[in-house]
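The following exercises ask the reader to work from annotated positions to their surroundings in a folded chain. Each task is followed by a solution in steps.

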Amino acid sequence: MRRPMVAGNWKMYGTRASVAELIGGLNQQALPAGVDVAVFPVYVHLEQAHHGLKAKGVAIGAQNCAFQYEQGALTGEVSSGQLADLGCGFVLVGHSERRSILGESDELICKKFAATQAAGLVPVLCVGETLDQRNAGETLAVVSAQLEAVVGVLGVGVLANAVIAYEPVWAIGTGLTATPQQAQEVHANIRSQIAARDEALAGGVRILYGGSVKAANAAELFGMPDIDGGLVGGASLNADEFGAICRAAGS
């Protein structure tokens, strides 16, 4: 049985004061024992979150890493090895905002996925389609190609130590959410794509849904057979809302 996971992507939000307040709120939450909970702050708040949430058992992840594991002359970048040294357990790889706004290619995302695993960290590979692609009926093809860009190069075995997050781009930060049935269709297709190479592995890979997940819709989304939790954006900046989403995953 796959263990549910809820991850909060704090994006480029927060000051030391607001992060301290959020950490305090999260420490007051009753989080379910059967759910893995993680938060992904910006780099400058990683250590603060790591120390502030360690006793609560909340894992810490980074929103990005350099494409090479080794330290080196890459001004402005942070290596996965440095993130591991800081106490991170996860790294987001291929988030749509980095694909579309910052121009990250499938090739670069594959390198970051490999660099994350080289440091012993777990990549959370983000895949998803735009509204135009969904309207054109290209959703499954687009998501399959994004997954294949990693699996086709590194081999399906790398997914044994990875998490996949399906985030329809049209639902991120817009208030729009894929229906549970729409999300389940894509999650099932991802799992079937993996199963074509390794059926046993496919049964164990956690696939999260992201895209305007809230306490009000979390239980219905997480009730789908191939949805193993959520990658939560804006709602993760509210401790009460995030706690409720985590409890929905535990039910």
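## Exercise 1. The annotated active site

UniProt, in an unreviewed entry, places the feature "active site" at His95 and Glu167. The model examined here is predicted.

**Task.** Determine why His95 and Glu167 can be said to gather at one spot.

**Solution.**

Step 1. Consider the separation in sequence and in space. The two positions span 73 residues in sequence, yet their C-alpha atoms are no more than 8.4 Å apart, so they gather at one spot. Of these residues, His95 is included in the lining of the largest pocket.

Step 2. Locate each residue. His95 is placed in the loop between β4 (90-93) and α4 (96-100). Glu167 has its place in the loop between β6 (163-166) and α8 (180-195).

Step 3. Apply the cut-off for burial. Buried means under 20% relative accessible area. His95 has 4% relative accessibility, and therefore counts as buried. Glu167, with a relative accessible area of 6%, is buried as well.

Step 4. Look for a direct link. The side chains of Glu167 and His95 are joined by a polar contact of 3.1 Å.

Step 5. List the surroundings, leaving aside neighbours within four places in sequence. His95 is in contact with Asn9, Lys11, Cys126, Glu167 and Ile172. For Glu167, the contacts include His95, Cys126, Ile172, Gly210 and Leu231.

## Exercise 2. The largest pocket

**Task.** State what volume the largest pocket has, and describe how its lining residues divide by type.

**Solution.**

Step 1. Recall how empty space is found. Rolling a probe the size of a water molecule over the atoms shows where empty space is left.

Step 2. Give the volume. For the largest pocket, the volume is about 450 Å³.

Step 3. Identify the lining. It consists of 15 residues, of which Lys11, Met12, Gln63, Glu97 and Arg98 lie nearest the centre of the pocket.

Step 4. Sort the lining by type. The residues divide into 8 nonpolar, 4 polar and 3 charged.

## Exercise 3. The annotated binding site

The unreviewed UniProt entry places the feature "binding site" at Asn9, Trp10, Lys11, Gly173, Ser212, Gly233 and Gly234.

**Task.** Show why these positions gather at one spot, and decide whether Lys11, Gly173 and Ser212 are buried or exposed.

**Solution.**

Step 1. Compare sequence with space. The positions span 226 residues in sequence, yet no two of their C-alpha atoms are more than 13.6 Å apart, so they gather at one spot. Of these residues, Asn9 and Lys11 are included in the lining of the largest pocket.

Step 2. Examine Lys11. Lys11 is placed in the loop between β1 (5-9) and α1. At 15% relative accessibility, Lys11 counts as buried. The phi of Lys11 is near 50°, a positive value in a residue other than glycine.

Step 3. Examine Gly173. This residue is found in the loop between β6 and α8. Exposed means over 50% relative accessible area. Gly173 has 75% relative accessibility and therefore counts as exposed.

Step 4. Examine Ser212. Ser212 lies in the loop between β7 and α10 (215-222). With a relative accessible area of 15%, Ser212 is buried. Although Ser212 is not a glycine, its phi is positive, at about 60°. Not counting residues up to four places away in sequence, Ser212 touches several residues, among them Gly173, Thr174 and Asn217.

## Exercise 4. A helix and a strand residue

**Task.** Establish which elements the buried residues of α2 pack against, and what the side chain of Arg206 reaches.

**Solution.**

Step 1. Find the buried residues of the helix. In α2 (residues 46-53), these are Leu46, Gln48, Ala49, His50 and Leu53.

Step 2. Name the packing partners. The buried residues of α2 pack against α1 (16-27), β2 (36-40), β3 (59-62) and α3 (80-86).

Step 3. Turn to Arg206. Arg206 is found in strand β7 (residues 206-210). Its relative accessible area is 15%, so Arg206 is buried.

Step 4. Follow the side chain. The side chain of Arg206 reaches the backbone oxygen of Arg3 at 3.1 Å. Not counting residues up to four places away in sequence, Arg206 touches residues including Arg3, Asp36 and Asp228.

How values were computed. Residues numbered from 1 in each chain as written. Predicted model: local features only at pLDDT ≥ 70, side-chain atom pairs only at ≥ 80, totals over all residues. Heavy atoms only, no water. 1 Å grid on protein atoms, 1.4 Å probe; cavity = no way out; pocket = protein on both sides within 12 Å on 5 of 7 lines; lining within 4 Å. Points joined across faces, edges and corners; volume = space filled by probe spheres on them. Nonpolar A, V, L, I, M, F, W, Y, C, P; charged D, E, K, R; others polar. UniProt positions renumbered as here; feature names shortened; annotations may be inferred. Helix = DSSP H or I, 4+ residues; strand = E, 2+ residues; numbered from the N terminus. Buried < 20%, exposed > 50% of the residue type's maximum accessible area, 1.4 Å probe, protein only. Contact = heavy atoms within 4.5 Å. Polar contact = N/O pair within 3.5 Å; in protein donor to acceptor, adjacent residues only side chain to side chain.
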